[in-house]
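Please take a moment with the sequence and the structure below before reading on. The paragraphs that follow lead through them step by step.

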Amino acid sequence: MEAWIQRVFLILALAAGTAWAQQVEPDISRDVISEDILDSENWLFGVKAGVLSIEDFGSSALAAVQLSYHINEDFYLMAEYAMAKAGRTSFEDLSGAAPLLTDSQREWRYYGGHVGYMLLPGEAFLTQDFAMNSGLALFAGAGNVDFAGDKVFALQLGSQFRLYATDWLALELTFSDYIFDTTILARTKSTHNLSFALGMAVYF
Amino acid sequence: MRYYLVLALALLSCSLFAAPVAVKVTGDFVNLHSGAGRGYPIVQVAIKGEALVLLKRRTDWVQVEFKQQHYWLARQDLNQLETTDKQQFAVSDERFAAFESRSWEMGLLFGDFNGSSLYQLSLSYVVNPYIQTELAVGQANGDQADNLSAELSMYLSPMPHWRISPYFGIGGGVLRTTARTVLVQTPDGNNSLASAEFGLRYYISRNFIARAGYRRSVIVTERNDNEEIDTWKLGFSVFF
């Protein structure tokens, strides 16, 4: 009998205890959400076409594809594949001698990567009340040039002006210098091959 | 049947593309820029209690829709917002935890391969904080020969929790050598390669790592003596 009463009191005490504990416990936990639920667009795919001046071989048409990854608002990494076809040297034209290179050796290919820095971000005013976002970036990198039957290491330096047509589409004007050594004329020399290209790129 | 297919596609696209998030300003105000960068001017301000829709992120910026217009909000300002379900954003600049729990790493390295310029692309899988495997493809163009190498390596990082973390490892692969001039008697061909590497990894910020390494490789040749070469490299990797 005594044990039975004790049990009743014990149950009552426990019930009261839990009810009281529920009353005083403050609800301080706040719901937290991660920013990762938002889609991120840090990749940029671009194509460009322009002119490449291959030292000693005149100027030729240039086509390139580029893939970039934006590390932050200042820096980006870019992989590039560019192609052109070299013309004839003045020597070949004037002497009437046999061509220095075969047709397939005139194919010029570059593949490499570079790091870019957005130096001057800002707005460009096209008319008095119409402004577009733009940015001037400088870049430096290196890669490989496949030209004249030879594969050589190449440095790439340049600048890119980017004009944002929409939030996801950018128009790009790129000046770049591909620096590499050639040994076509028996002696090795360092050549500067300047290019100028216009392209467009999409964020995804 | 076609309806099921459409439904399945719709479900798939929902899971692939994150949906916009409706939020309300809880801080005093947030600045809205015209572009994703500090160089783009503040063109609008959303004050306390006003509603925004978060669309997507680009680097440290979030695109928002406010009064039927699109603007960009700095990532730090997510602290000033809460969702319609009263959820707050956890914004932390310290992504070190993400660095420690990374699983894939993609890198670009430049350096010196026995006197010629080298560049290398690598893809690594981080098994656990201490062990990672890497597949690296490198190209080095020297005065006498072009070398193309592909190596599979395994690295150990004894101190993965340090910001500057040393690593070492071993690897093996193939090296393809192509002679450049007729003057040098380097036979073209594929050789096996075994290497040991020591280096440092430095977590810079976000998902960006700097890496420097020294690798010593033994090229197994058909001649009586094996050739040994040194590689120095420096570069970056991005982790996912």
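A polar contact is a pair of N or O atoms within 3.5 Å, where, within protein, one atom must be able to donate a hydrogen and the other to accept it. With that rule in hand, and keeping in mind that this is a predicted model, we can turn to the place where the two chains touch. Between chain A and chain B, 21 residue pairs are in polar contact, both residues of each pair being at pLDDT 80 or more. The parts of chain A that reach chain B are spread over several strands: strand 1 (32–34), strand 2 (39–40), strand 4 (59–70), strand 6 (107–125), strand 7 (131–147) and strand 8 (150–164) each supply at least two residues of the side that touches chain B. Of these, strand 6 of chain A gives the largest share, with seven residues. If the residues on this side of chain A are sorted by class, 18 are nonpolar, twelve are polar and twelve are charged.

How many residues does each chain bring to the contact? Chain A takes part with 42 residues and chain B with 48 residues. The size of an interface is often given as the accessible area lost when the parts come together. Here the area buried between chain A and chain B is about 3,900 Å², and carbon and sulfur atoms give 52% of it. On the side of chain A, the residues that lose the most area to chain B are A:Glu35, A:Leu38 and A:Glu73, which together make up 19% of what that side buries.

Charged side chains deserve a separate look. Side chains of opposite charge can pair when their charged atoms come close. Over all chains, a search of the whole structure finds 28 salt bridges, and seven salt bridges are found across the interface of chain A and chain B. In one salt bridge, the side chains of A:Glu35 and B:Arg75 meet at 2.8 Å, N to O. Because A:Glu35 lies in the loop between strand 1 and strand 2 of chain A, while B:Arg75 lies in the loop between strand 6 (69–74) and strand 7 (81–83) of chain B, this pair joins two chains. A further salt bridge links B:Arg57 with A:Asp36, and there the closest N and O atoms are 3.5 Å apart.

The backbone also connects the chains. Strand 2 of chain A pairs with strand 4 (residues 51–58) of chain B in the parallel sense, over two bridges. Within this pairing, A:Asp39 has B:Lys56 in strand 4 of chain B as its bridge partner.

Inside chain A, strand 4 runs antiparallel to strand 5 (residues 75–85), and nine bridges join the two. These two strands form a hairpin with four residues between them, and A:Ala63 has A:Met83 in strand 5 as its bridge partner. Strand 5 of chain A also pairs with strand 6 of chain A, in the antiparallel sense and over eleven bridges; here the bridge partner of A:Tyr81 is A:Tyr111 in strand 6.

In chain B, we can follow a run of strands in a similar way. Strand 10 and strand 11 (residues 131–141) of chain B run antiparallel and are joined by eleven bridges, with two residues between them in a hairpin. One bridge in this pairing sets B:Leu118 against B:Ala140 in strand 11. Strand 11 of chain B is in turn joined to strand 12 (residues 145–156) of chain B by eleven bridges, again antiparallel, and a hairpin of three residues connects them. In this pairing, B:Gly138 has B:Ser149 in strand 12 as its bridge partner.

Finally, consider the aromatic rings. A pair of aromatic rings is described by the distance of the centres and the angle of the planes. The whole structure holds 16 aromatic pairs over all chains. One of them, B:Trp104 with B:Tyr125, is tilted, with 5.0 Å centre to centre and 55° between the planes. This pair links distant parts of the chain, since B:Trp104 lies in strand 9 (residues 104–113) and B:Tyr125 in strand 10 (residues 116–128) of chain B, 21 residues apart.

Note on methods
Residues numbered from 1 in each chain as written. Chains lettered and ligands numbered in written order. Predicted model: local features only at pLDDT ≥ 70, side-chain atom pairs only at ≥ 80, totals over all residues. Heavy atoms only, no water. Contact = heavy atoms within 4.5 Å. Buried area = accessible area lost by both parts, 1.4 Å probe. Salt bridge = Lys/Arg side-chain N within 4 Å of Asp/Glu carboxyl O. Polar contact = N/O pair within 3.5 Å; in protein donor to acceptor, adjacent residues only side chain to side chain. Nonpolar A, V, L, I, M, F, W, Y, C, P; charged D, E, K, R; others polar. Pairing = 2+ DSSP bridges. Phe/Tyr/Trp six-rings, centres within 6.5 Å; stacked < 30°, edge-to-face > 60°.
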